[in-house]
Amino acid sequence: MKIGRNDLCPCGSGKKYKMCCLGKEDDEYYTNPTNLAETYKKLRKKSKIKQCLHPNKKECSEKIIGAHSIQNNKIIKRISSDGLVYMPCPKADNAFLPITEYGRKEATVFTGFCGYHDKVIFQPIEDSVFDKSIKHIFLYTYRCFAIEYHKKQEAVNMGKNLYKLKPSLIEMHGNNNPFKGMEIAINDFQFEKEKFDEALLSENYDILTSIVWEFDQVIKFAGTGFEAMTFDLEGNKIQDLTKLDASVKHIFVMIFPEEEKTFCIISWIKEYDDFFSSYKAQLEKLTLVEQKIYINNLLPMISENIVINPEAWDNWDKNKRDEFCAIEMGMATFGESIGISFDRLKAPIYNLFEL
Ligand SMILES: [Zn+2]
Ligand SMILES: [Zn+2]
């Protein structure tokens with residue numbers, strides 16, 4: 001991972017390192033800690049990507065739109081109060097807030113599809129009730145995948161833009177590329193992206209294995225996320241993410257209210273069935289109560305793409321909000337990164353299903 005003089009420059013310019021940022025001075029204004037908040041805001045804005053992820057570019061309409069990763073009319077509208085929801089996802093102008101208010105129009109939005117594809121691909125789940133069909137499960141999972149893939153690309157972009165302003169980052173990291181890990185994280189998604197693209201082009205949507213849970217209640221939150229699981233539900237290590245050459249396998253998770261019910265989908269591409277077979281068996285054994293506990297732990301661990309009803313959140317006890325935010329900030333994930341498995345079947349103080 002060491003950067004050589006003749007390697008491509010980590011800033012993404014396409015030039016050789018020695019001809020680009022090697023020995024360049026840091027930008028004083030941007031690297032001044034008192035300007036941190038502003039620097040962050042500007043960098044995030046600059047690093048936004050507008051693209052259409054659909055593989056058939058010939059069909060694309062001109063405009064890349066702000067696509068909702070959770071349906072606005074069907075789901076977010078229902079969870080909002082006065083047109084607002086809360087998300088555990090900071091905005092650029094207040095990067096350290098644990099919970100942020102969003103308008104319905106901006107909540108869960110990303111610029112990953114053109115107007116045409118966003119409308120056409122997702123029409124079936126926009127217009128009709130979730131019916132557990134292969135196609136519906138595919139579309140929910142694909143939308144969940146798309147936002148995560150897009151966000152990863154933006155994060156890499158942000159790393160590159162940051163590096164342009166502070167070339168000394170390389171020396172600080174012992175001449176290692178500090179953003180290599182993020183690029184690898186995008187590569188980790190390539191195999192899955194190919195499978196999704198093939199399915200979209202061929203309209204053969206039968207590429208996923210899934211578990212669908214149904215609850216007889218309407219929840220006041222919704223969320224989507226993914227995980228490169230390292231431990232199964234019994235705490236057995238199933239995947240070593242520190243091995244850079246191994247391909248990383250993801251599960252996708254979506255939970256949302258629909259009419260008088262709530263659905264949770266957990267899915268992965270069929271190629272990983274053998275790998276996830278024990279996990280699948282463990283999921284199938286869970287009681288209704290355990291299913292809820294699992295979702296309560298998992299969702300804040302893996303996702304910021306969660307919308308919550310503001311009134312319900314404000315009425316929650318402080319200790320519940322604090323614990324949810326601690327997990328959201330990475331407490332459990334940090335433990336797992338240093339080898340301490342987090343028991344996802346142990347009930348946290350809070351219960352999202354009682355919001
Ligand atoms: Zn450069
Ligand atoms: Zn398109």
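Good morning. I begin with a single residue: C11 is buried, with a relative accessible area of 4%. The model before us is a predicted one, and C11 leads directly to one of its metal sites.

C11 is one of the protein donors of the zinc ion (ligand 1), together with C9, C20 and C21. Each of these residues contributes its SG atom, at 2.2 to 2.4 Å from the ion. What is the geometry of this site? The 4 donor atoms make angles of 105 to 115 degrees, and the site is tetrahedral. Along the sequence, the donor residues of the zinc ion (ligand 1) follow the spacing C-x1-C-x8-C-C. Within this set, C11 and C21 are 10 residues apart, and both belong to the segment before helix 1 (28-31). C21, like C11 before it, is in the buried class, here with a relative accessibility of 2%.

I turn now to the second ion. Which residues coordinate the zinc ion (ligand 2)? They are C52, C60 and C114, each through SG, and H117 through ND1, at 2.0 to 2.3 Å. The arrangement is tetrahedral because the 4 donor atoms around the zinc ion (ligand 2) subtend angles of 101 to 118 degrees. The spacing of these donors along the chain reads C-x7-C-x53-C-x2-H. C52 sits in the loop between helix 2 (36-46) and strand 1 (64-68), whereas H117 is in helix 4 (residues 115-127), so the pair ties together parts that are 65 residues apart in sequence.

Are the donors of this second site buried or exposed? For C52, the relative accessible area is 9%, and the residue is buried. C114 is buried as well, at 0%, and H117 counts as buried at 1% relative accessibility.

With several cysteines now named, I should address disulfides. A disulfide is a covalent bond between the sulfur atoms of two cysteines. How many disulfides does the model contain? The count comes to 0 when a pair of cysteine sulfur atoms must lie within 2.5 Å.

C325 offers a concrete case. Why does C325 form no such bond? The closest cysteine sulfur to that of C325 belongs to C89 and is 13 Å away, which is too far for a bond. C325 is itself buried, at 13% relative accessibility.

To close, I return to the two metal sites. The zinc ion (ligand 1) has four cysteine sulfur donors, from C9, C11, C20 and C21. The zinc ion (ligand 2) is held by C52, C60, C114 and the ND1 atom of H117. Thank you for your attention.

Technical notes:
Residues numbered from 1 in each chain as written. Chains lettered and ligands numbered in written order. Predicted model: local features only at pLDDT ≥ 70, side-chain atom pairs only at ≥ 80, totals over all residues. Heavy atoms only, no water. Donors = N, O, S within 2.8 Å, 3.2 Å for Na, K, Ca; no water. Tetrahedral: all angles 85-135°; square planar, octahedral: opposite > 155°, others 65-115°. Helix = DSSP H or I, 4+ residues; strand = E, 2+ residues; numbered from the N terminus. Buried < 20%, exposed > 50% of the residue type's maximum accessible area, 1.4 Å probe, protein only.
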